Amino acid sequence: MRVLSGIQPTGRFHWGNYFGAIRQYIALQNEEESYYFIANLHALNTIRDPAVLRELTLEAAIDLLALGLDPEKATLFVQSDVPEVSELCWLLMTGAPMGLLERCHAYKDKKERGLTAEAGLFTYPVLMAADILAYDANIVPVGHDQVQHIEVCRDLAGSFNHQFGEVFVLPKSKVLDDSAKVPGTDGEKMSKSYDNTIGLFEDPKKARKKIMRITTDSRPMAEPKDPQTDHLYQLYSLFADAAQREAMAEKYRAGGFGYGEVKKALANAAEAYFSEARQRREHLVAHPEEVRQVLAAGAKKARKKAGEVLLRAQRACGVATE
Ligand code: ADP
Ligand code: TRP
């Protein structure tokens, strides 16, 4: 089984990205043949500053490696380093029904808000389909919001196969367990769109300040509280082991403690949790050539596979000369 997923480099990764997605991608590298790429072509829909896009693309690679993505086990590459995908995208585009794409939420939401959309956003799911089909991927781990796009990929692949023969492997989505949404500093879902994130590799002092400013309710300290309904406790739970979680829950239920105490415990636990990754990151930042080497090796392997699939598709639909 081949697992594949892409991550857009549209901002620095935060706790929500890690616990909701990245941690699970990394775990899969031990179970299946896995391909992960940084979706810079998709990000170009939103980031229109070349220096920023370049930097975020490299930072995403550095962060993934620092967090434990192991290039010996998984293939890591940058989307645009595999031009075969863009060619495949065109082949799929010729058979993609407008109605199908009009129903896709990224485009639909923008239209409904009265904004004008670019063709890149409209055809975003077709590029995503090409990303997946180019590597004969079987399983695509994604968040809930991306499941619709995997269905589009299956539709496009199915109708191409129907017209031209069995060219593409139909993938399945594996919905990531983000049921426990990571709350942000305001208690809402952590998201870069809400400006309530805590970055994975933020300056520890800044991160601590943000943690100390996490909103809490204003009930008196003496009152016992239910830990399960408290977002500060939810955050602490991400970093604590079972015994620490229980000890903290007990304090909530007993009452008589301050939220400041929980915030300090959270800041310490988060710092310890990412400290190894932070060290690995520092090494990689000082040696970007190592990162580029990983990406080049990943792209080479990915291009070989994508080239085979592209040729298969080109031959089937009659655009290959041989
Ligand atoms: P953002 O909301 O900050 O723009 P993205 O949409 O780029 O984040 O998310 C990338 C991945 O991280 C998605 O698979 C999503 O499911 C996961 N993710 C993002 N925020 C959270 C969160 N607060 N809790 C759990 N998972 C999250
Ligand atoms: N659209 C995905 C997201 O925003 C990123 C992505 C691009 C992707 N191509 C992909 C995910 C292919 C899985 C497979 O999260």
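Is H231 buried or exposed? Select H231 to begin; this is a predicted model, and every stop below refers to it. The residue sits in helix 11, which covers residues 231-239. With a relative accessibility of 17%, H231 counts as buried, because the cut-off for buried is under 20%. Now add T215 to the selection. Its backbone oxygen lies 2.7 Å from a polar atom of the H231 side chain.

**Ligand 2**

Select ligand 2 and show what surrounds it. The shell has 14 residues, and the closest are Q8, H42, Y124, D131 and Q146. Sorted by class, this shell consists of 8 nonpolar, 5 polar and 1 charged residues.

Three side chains are worth displaying with distances. Start with Q8, where an N or O atom of the side chain is 3.0 Å from an oxygen atom of ligand 2. Go on to Q146, whose side chain places an N or O atom 3.1 Å from a nitrogen atom of ligand 2. Then pick Y124: a polar atom of its side chain lies 2.5 Å from a nitrogen atom of the ligand. Taken alone, ligand 2 exposes 370 Å², and 89% of that is buried by the protein.

Colour the secondary structure next. Strand 1 (2-7), helix 8 (124-133) and strand 4 (139-142) are the elements that give two or more residues to the shell around ligand 2. Helix 8 gives the most, with 4 residues.

**Helix 8 and the loop after it**

Keep helix 8 selected and hide the ligand. How many residues of helix 8 are buried? The count is 10 of the 10, so the helix is largely enclosed by the rest of the structure. Among the buried residues are Y124 and D131, both also listed among the closest residues to ligand 2. The buried set further includes P125, V126, L127 and M128, as well as A129, A130, I132 and L133.

Follow the chain from helix 8 towards strand 4 and stop in the loop between them, at D136. This residue is not a glycine, yet has a positive phi of about 50 degrees. D136 is buried, with a relative accessible area of 10%.

For another positive phi, select D195. Its value is about 55 degrees, and D195 is not a glycine either. D195 belongs to the loop between strand 5 (172-175) and helix 10 (204-212). Where D136 is buried, D195 is exposed, with a relative accessible area of 72%.

**Ligand 1**

Move to ligand 1. Which residues come nearest to ligand 1? They are H14, V182, M190, S191 and K192, out of 13 residues around the ligand. The shell divides into 3 nonpolar, 6 polar and 4 charged residues.

Display three distances here as well. A polar atom in the side chain of S191 lies 2.8 Å from an oxygen atom of ligand 1. The side chain of N17 also has a polar atom facing an oxygen atom of ligand 1 at a distance of 3.1 Å. At V182 the partner is a polar backbone atom, 2.9 Å from a nitrogen atom of the ligand. Taken alone, ligand 1 exposes 540 Å², of which the protein buries 83%.

**Helix 1 and the core**

Now select W15, L67, L76 and L266. In the largest nonpolar core, which has 57 residues, these four touch the most other members. Helix 1 (residues 15-28) supplies the largest share of this core, 8 residues. The core draws at least three residues from each of domain 1 (2-181 + 288-317) and domain 2 (202-273). In soluble globular proteins, nonpolar side chains tend to be buried together.

Within helix 1, pick Y18. Y18 is buried, with a relative accessible area of 9%. Add L200 and draw a line between the two C-alpha atoms: they are separated by 7.8 Å, although the residues are 182 apart along the chain.

**Last stop: D63**

Select D63 in helix 3, residues 50-66. At 1% relative accessibility, D63 counts as buried. What does the side chain of D63 contact? Show R12: the two side chains make a polar contact of 3.1 Å.

Conventions: Residues are numbered from 1 along each chain as its sequence is written. Chains are lettered from A and ligands numbered from 1 in the order in which they are written. This is a predicted model: local features need pLDDT of at least 70, side-chain atom pairs count only at pLDDT 80 or more; totals for chains, interfaces and linings use all residues. Side-chain values use heavy atoms; hydrogens and water are left out. A residue is near a molecule or strand if one of its heavy atoms lies within 4 Å of it. A polar contact is a pair of N or O atoms within 3.5 Å; within protein, one must be able to donate a hydrogen and the other to accept it, and residues adjacent in sequence count only if both atoms are side-chain atoms. Accessible areas come from the Shrake-Rupley method with a 1.4 Å probe; for residues, only the protein chains shown count as cover. Ala, Val, Leu, Ile, Met, Phe, Trp, Tyr, Cys and Pro count as nonpolar, Asp, Glu, Lys and Arg as charged, and the others, Gly among them, as polar. A nonpolar core is a set of buried Ala, Val, Leu, Ile, Met, Phe, Trp, Tyr and Cys residues joined through side-chain atoms within 4.5 Å. Buried means under 20% relative accessible area, exposed over 50%, partly exposed in between (1.4 Å probe, protein chains only). Domain bounds come from an automatic or database domain assignment.
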